[in-house]
Amino acid sequence: GYYFDEGESTNNLERLIELCKAGEIDLVMTESMTCLDRNLSVVVSIIDEMTALPKPVGIYFRELSLYTLDSFCQYTLKVLSTIAQNE
């Protein structure tokens, strides 16, 4: 099945996370990180939560061509998070 947010951004984020935890979603595709949240540290915590699930859920950010279940992505996110924290 598919879950579409119809461009409502974070309005339905809680519902999306619930569906991921229930095992109903195994891949989230979004345009950019800011579609999940404007705060990068919140995005990183969502990614951590999704990858720690018994059945990990990957998130693909089209704008950056990053897939969160890829080890390179984990490194890139740590760098981006550090930069954001310094700002």
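In this predicted model, Glu31 has a relative accessibility of 37% and therefore counts as partly exposed. Its side chain takes part in a salt bridge with Arg62, in which the closest N and O atoms are 2.5 Å apart. Glu31 belongs to the loop between β1 and α2, and Arg62 to the loop between β2 and β3, so the pair ties together parts that are 31 residues apart in sequence. Arg62, at 48% relative accessibility, likewise counts as partly exposed.

The strands named here belong to an open sheet. Three strands make up this sheet in the order β1-β2-β3, and their pairing is mixed. The edge positions are taken by β1 and β3, each of which pairs on one side only. In general, strands of a sheet pair through backbone hydrogen bonds, in either a parallel or an antiparallel arrangement. Strand β1, residues 27-30, pairs with strand β2, residues 58-61, in the parallel sense over four bridges. Between these two strands the chain passes through helix α2, residues 40-51, and the resulting β-α-β crossover is right-handed. Within the parallel pair, Leu27 has Gly58 of β2 as its bridge partner. On the other side, β2 pairs with strand β3, residues 66-67, in the antiparallel sense over two bridges. Here the bridge partner of Phe61 is Leu66 in β3.

The hairpin formed by β2 and β3 has four residues between the strands, and Ser65 in this hairpin adopts a positive phi near 55°. The value is positive in a residue other than glycine. Ser65 is located in the loop between β2 and β3. Its relative accessibility of 52% lies over the 50% cut-off, and Ser65 therefore counts as exposed.

A contrasting environment is found within strand β1, where Val28 is located. With a relative accessibility of 9%, Val28 counts as buried. Apart from neighbours within four places in sequence, Val28 is in contact with Leu16, Cys20, Val57, Gly58, Ile59 and Tyr60. For one of these residues, Val57, the C-alpha atom is separated from that of Val28 by 7.4 Å, although the two residues are 29 residues apart along the chain.

Helix α2, which carries the crossover between β1 and β2, consists of 12 residues. From its first C-alpha to its last, α2 reaches 16 Å, close to the 16 Å expected at 1.5 Å a residue. Buried positions in this helix are Leu40, Val43, Val44, Ile46, Ile47 and Met50. Viewed down the axis of α2, its buried residues fall within an arc of 160°, so they line one face of the helix.

Side chains of opposite charge can pair when their charged atoms come close. The count of salt bridges in the model comes to three. Besides the pair of Glu31 and Arg62, a salt bridge joins the side chains of Lys21 and Glu49, with an N to O distance of 2.8 Å. This pair links distant parts of the chain, with Lys21 in helix α1 and Glu49 in helix α2, 28 residues apart. Glu49, at 29% relative accessibility, counts as partly exposed.

A further salt bridge is formed between Glu18 and Arg15, whose closest N and O atoms are 3.6 Å apart. Both residues lie in helix α1, residues 13-21; because they are three residues apart there, about one helical turn separates them. Glu18 is partly exposed, with a relative accessible area of 47%. Arg15 is also partly exposed, and its relative accessible area is 42%.

How values were computed:
Residues numbered from 1 in each chain as written. Predicted model: local features only at pLDDT ≥ 70, side-chain atom pairs only at ≥ 80, totals over all residues. Heavy atoms only, no water. Pairing = 2+ DSSP bridges. Right-handed = clockwise from strand over helix to strand, strands pointing away. Buried < 20%, exposed > 50% of the residue type's maximum accessible area, 1.4 Å probe, protein only. Expected span 1.5 Å × (residues − 1). Arc of directions from axis to C-beta. Salt bridge = Lys/Arg side-chain N within 4 Å of Asp/Glu carboxyl O. Contact = heavy atoms within 4.5 Å.
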